[in-house]
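Hi everyone, thanks for making time for this. I'd like to walk you through one protein chain, starting from a single side chain and working outwards. Please have the picture open while I talk.

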Amino acid sequence: KLSFTLQFPYYSYTAKVYAIFDIVIIVLSTITLVLESIPELTRLQYFNVVAQIVETCVNVYFTIQALLLLLVYSSWKEYFKSALHWIDIISILPFYLRLAAGSYFKQVGGFRVLRLIRLLRVMKLFRHSRGSQTMMTFLFASLPEIMLLLLMWSIGVLLFGPLIFFIEHAHGENDFRSAFSGMWFCVVTIGTVGYGDLSPSTNLG
């Protein structure tokens with residue numbers, strides 16, 4: 001019952017209440033991470049203390065949640081089959097690495113990169129939405145068609161990218177410095193309306 005309560009919001013009223021609480025914690029953690037990117041705030045000692053307290057409480061909460069889920073599963077193999085459980089573990093790693101390494105990560109600048117891993121917690125919101133779970137089911141069911149679409153797109157990029165480079169290169173000065181420039185032009189032109197940073201200057205191009 002505990003496993004269903006923690007993972008399925010529609011299982012019971014208690015599960016719904018817990019899901020709302022979990023969403024609030026995730027949003028709070030994300031807002032804190034965003035606010036920490038504002039230099040004016042990080043210069044305030046009060047803000048740094050509050051942010052540290054919030055992040056500590058959030059990480060303790062997610063650690064307890066991950067341990068409870070690990071304990072209620074029949075086997076660890078079943079637990080680690082879920083991508084969301086991996087997100088649970090990876091998202092709390094920066095907190096414990098910082099505790100273990102002290103000021104080392106701050107000295108090398110690595111801690112700033114590791115903190116971005118906390119954004120993975122947003123993916124945990126999928127657990128609380130039946131619609132998003134249905135969407136992911138359909139997405140995985142459509143993988144063969146999606147792969148076919150990507151294959152056709154890749155063929156177009158690999159074919160026309162070098163082609164437009166050689167056409168433009170044969171006519172002197174142009175925006176395309178290499179075949180990779182031509183491939184980038186194809187990527188943004190096929191996938192979007194183009195950025196306008198590159199454009200053919202010949203009629204054939």
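Let's start with Phe21, which is partly exposed because its relative accessible area is 42%, and that falls between the 20% limit for buried and the 50% limit for exposed. Before I go further, please keep in mind that this is a predicted model.

Now look at who Phe21 sits with. A search of the whole structure finds four aromatic pairs. One of these is formed by Phe21 and Tyr61, in an edge-to-face arrangement, with 5.5 Å from centre to centre and 85° between the planes. In case those two numbers are new to you, a pair of aromatic rings is described by the distance of the centres and the angle of the planes. This pair links distant parts of the chain: Phe21 belongs to helix α2, residues 13-35, while Tyr61 belongs to helix α4, and they are 40 residues apart. Is Tyr61 buried or exposed? Tyr61 has a relative accessible area of 16%, which is under 20%, so Tyr61 counts as buried. Ring pairs also bring in Phe62, so that Phe21, Tyr61 and Phe62 make up a cluster.

A second pair to find is Phe95 with Tyr96. Their rings are edge-to-face too, at 5.0 Å centre to centre and with 80° between the planes. Phe95 is buried, with 9% relative accessibility, whereas Tyr96 is partly exposed at 34%.

Phe95 takes us to its helix, α6. This helix covers residues 83-101. From its first C-alpha to its last, α6 reaches 27 Å, close to the 27 Å expected for 19 residues at 1.5 Å a residue. There is a bend in α6, though: about 35° at Leu93, with a proline, Pro94, following within four residues. The buried residues of α6 include His85, Asp88, Ser91, Ile92, Phe95 and Arg98. While you look at those, here is a handy bit of background: an α-helix has 3.6 residues a turn, so residues three or four places apart point the same way.

Which residues does Asn59 touch, leaving out those up to four places away in sequence? They are Ser91, Ile92, Phe95, Tyr96 and Arg121. Asn59 itself lies in helix α4, residues 45-72. Its relative accessibility is 0%, which is why Asn59 counts as buried.

Next, the nonpolar cores. The largest has 13 residues, and the members that touch the most others are Ile25, Val58, Tyr61, Phe62 and Tyr79. You will recognise Tyr61 from the ring pair with Phe21. Helices α2 and α4 are the elements that give two or more residues to this core, and α4 gives the most, with seven. To see this for one residue, click on Ile25: beyond its close sequence neighbours, up to four places away, Ile25 touches Val58, Tyr61 and Phe62. There is also a second, separate core of five residues, which includes Phe165, Phe176, Phe185 and Leu198.

Phe185 leads us to helix α11, residues 179-191, and to a small check you can do yourselves. The 13 residues of α11 should span 18 Å at 1.5 Å a residue, and the end C-alpha atoms are 18 Å apart, which agrees. Among the buried residues of α11 are Ser181, Met183, Phe185 and Val188. The buried residues of this helix pack against α10, residues 143-169.

In α10 you can also find Glu168. With a relative accessible area of 0%, Glu168 is buried. Its C-alpha is 9.9 Å from that of Ser199, and the two are 31 residues apart in sequence.

Back in α2, have a look at Ala19. Ala19 is buried, at 5% relative accessibility. Its C-alpha is separated by 8.5 Å from that of Thr5, 14 residues away along the chain.

Finally, let's zoom out. How many helices and strands does the chain have? There are 11 helices and zero strands. The chain has 205 residues, and 31% of them count as buried. Among contacts with a separation of 6 or more, 56% are between residues 24 or more positions apart. The chain exposes about 13400 Å², and carbon and sulfur atoms supply 73% of that.

That's my tour, and I'm happy to take questions.

Terms used
Residues are numbered from 1 along each chain as its sequence is written. This is a predicted model: local features need pLDDT of at least 70, side-chain atom pairs count only at pLDDT 80 or more; totals for chains, interfaces and linings use all residues. Side-chain values use heavy atoms; hydrogens and water are left out. The expected span of a helix is 1.5 Å times one less than its number of residues. Buried means under 20% relative accessible area, exposed over 50%, partly exposed in between (1.4 Å probe, protein chains only). Contact means heavy atoms within 4.5 Å. Rings of Phe, Tyr and Trp (its six-membered ring) pair if their centres lie within 6.5 Å; planes under 30 degrees apart count as stacked, over 60 as edge-to-face and the rest as tilted. A nonpolar core is a set of buried Ala, Val, Leu, Ile, Met, Phe, Trp, Tyr and Cys residues joined through side-chain atoms within 4.5 Å. Accessible areas come from the Shrake-Rupley method with a 1.4 Å probe; for residues, only the protein chains shown count as cover. The bend at a residue is the angle between axes fitted to the seven residues ending there and the seven starting there.
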